[in-house]
Amino acid sequence: MTGSERVAVIGAGVVGACVGWNLARLGAQVVLIDAGQPGEGVTNWSFSWVNASNKTVRRSYFDLNVAGMAVHQALARDIGADSWWHPSGHLRWADPAAQATVLEAVDLLADWGYKVEVHSGAEVRRRLEPALAVPDAAPVVFYPDEAWVHGRRLVARLIRETVARGAEHRFDTAVCDISTRTDGSIRSVTLTDGNRLDVDAVVNAAGPDARHVAALVARQLPMRREPGIVTRVECSPVPVHRALHAPGIEIRPDTEASVVLHSRDTDALIDTDAEPAELARHLHASARRAVPALGSARISRTRVVNRPIPADGFPSVGAVPSVPGYFEAVSHSGITLGPVIGRLLSTEIVSGERDAMLADFRPQRFAE
Ligand SMILES: Cc1cc2nc3c(=O)[nH]c(=O)nc-3n(C[C@H](O)[C@H](O)[C@H](O)COP(=O)(O)OP(=O)(O)OC[C@H]3O[C@@H](n4cnc5c(N)ncnc54)[C@H](O)[C@@H]3O)c2cc1C
């Protein structure tokens, strides 16, 4: 591509917004399309922790997440951090039974050159988080370079800047058809509002619905079903200053008067008879044990969402050679990875340059 082609970005969550913003900077004509409103998908129902400490399953995946953290910092310098970027580090402590595993991870991460500190509970309360009910002598791990992101605000900011560079947008309308030329290359997208847009390329950034968009070009993108439940509670003042993992619960600030709660243990109950409201109460009870000041908080909103996870658990990013002009940008950890995926994929779309960092995450690994 020369950089002046028209590219439809399907999905304006954090991943699509990052791809669109980078494409516009490289001179492409961008059309951002979303079935709903930008940033209201999984991006708004995420724990939103920017990290690589939880990504040690494969070295190349860890490295990609470290790059994601660095590109977030660059993005904050570029567009301004305002209310979306919160580089306040991350705290983790565990029950005595799980402490050895947490500390093993610390050793591995330190070996890999990742910044990590271990403090006592008493020290953490004195220096960082006075409201935590952590035992004085418990080891608490602090990852100073980690952060959390307000996903919806980041998306809004990126879209504003992308539109200011001349991008078009179509929201509250879904892509329901993608047509190709006789040589198989992308020709146009059709929207549920009846419009058809001629485009030279499409980016599938449809999050949990990416499988359906892939099917529009007769591609099978196998995805896992791995739902998560997230609850927002209202409280003022907000008693925590950073994202943290305590036994059985993850807590992070959200707005000036709300906190987000999530737990993998509670996710495991989603497919049982338990109603979301009951699971939300469960999350709130666990949060109260870790941060007693949250006892007076009020549960405001709860949502069960599907994680956008390709079947092997890793991102699917890049061109699909059998459909020239079709690109994928589908990933769990999309909050951490959105900016780096946006940077690498937009370069690939515009210049054809394929970055080695994506070698393990190419769409071709799934049978075409
Ligand atoms: C419980 C939970 C906790 C998480 N915690 C973290 C975390 O701590 N750190 C982290 O990095 N990641 C985390 N994630 C993952 C992260 O939130 C996601 O990877 C990321 O938000 C995905 O962004 P996205 O833009 O791909 O998807 P979305 O935000 O869902 O955006 C996709 C968009 O595509 C649109 N769309 C779908 N189909 C169409 C169509 N046919 N036409 C037009 N538009 C369409 C949708 O309307 C939607 O707005 C978590 C996820 C969950 C569920």
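Helices (H or I runs of at least four residues) and strands (E runs of at least two) are taken from DSSP and numbered from the N terminus. The views below show a predicted model, in which local features need pLDDT of at least 70 and side-chain atom pairs count only at pLDDT 80 or more, while totals for chains, interfaces and linings use all residues. Residues are numbered from 1 along each chain as its sequence is written, and side-chain values use heavy atoms, with hydrogens and water left out.

**View 1. The shell of residues around the ligand and the domains that supply it.** The ligand is surrounded by 38 residues (those with a heavy atom within 4 Å of it), and the closest are Asp34, Thr43, Ser46, Ser331 and Gly334. At least two shell residues come from each of α1 (14-25), β2 (29-34), β14 (227-234) and α9 (334-351), and α9, with three residues, gives the largest share. Sorted by class, the shell holds 20 nonpolar, 15 polar and three charged residues; here Ala, Val, Leu, Ile, Met, Phe, Trp, Tyr, Cys and Pro count as nonpolar, Asp, Glu, Lys and Arg as charged, and the others, Gly among them, as polar. Because domain 1 (6-46 + 151-223 + 311-365) and domain 3 (227-306) both give residues to this shell, the ligand lies between them. The bounds come from an automatic or database domain assignment, which also sets out domain 2 (90-144); the centres of domain 1 and domain 2, taken over C-alpha atoms, are 37 Å apart.

**View 2. Pairs of polar atoms between the ligand and Asp34, Thr43 and Trp49.** One side-chain N or O atom of Asp34 lies 2.7 Å from an oxygen atom of the ligand, and for the side chain of Thr43 the corresponding separation from a ligand oxygen is 2.5 Å. Trp49 takes part through its backbone, where an N or O atom lies 2.9 Å from a nitrogen atom of the ligand. On its own the ligand has 1000 Å² of accessible area (Shrake-Rupley method, 1.4 Å probe), and the protein covers 93% of it.

**View 3. The open antiparallel sheet β10-β11-β12.** Three strands follow one another in the order β10-β11-β12 with antiparallel pairing, strands being paired if DSSP finds at least two bridges between them. β10 (175-180) and β12 (196-198) are the edge strands, each with a single partner, so one side of each is left without a neighbour in the sheet. Neighbouring strands are turned by 20 degrees against each other on average, direction ignored. Five bridges link β10 to β11 (residues 186-191) in the antiparallel sense; Thr180 stands opposite Ile186, and Ser179 stands opposite Ser188. The two strands β10 and β11 form a hairpin with five residues between them, and in its turn Gly184 has a positive phi of about 90 degrees.

**View 4. The open antiparallel sheet β3-β8-β4.** This sheet also has three strands, in the order β3-β8-β4. β3 (49-50) and β4 (85-86) stand at the edges with a single partner strand each, so one side of each has no neighbour in the sheet. β4 and β8 (residues 147-149) run antiparallel and are joined by two bridges, and the bridge partner of Trp85 in β8 is Val149.

**View 5. Backbone geometry at Ser48 and at the bond between Ser236 and Pro237.** Ser48, in the loop between β2 and β3, has a positive phi of about 65 degrees although it is not a glycine. Ser236 and Pro237 are joined by a cis peptide bond with omega of about 5 degrees, and Pro237 is found in the loop between β14 and β15 (243-246).

Methods. Axes fitted to C-alpha atoms, helices over the stretch in contact; angles between N-to-C directions. Polar contact = N/O pair within 3.5 Å; in protein donor to acceptor, adjacent residues only side chain to side chain.
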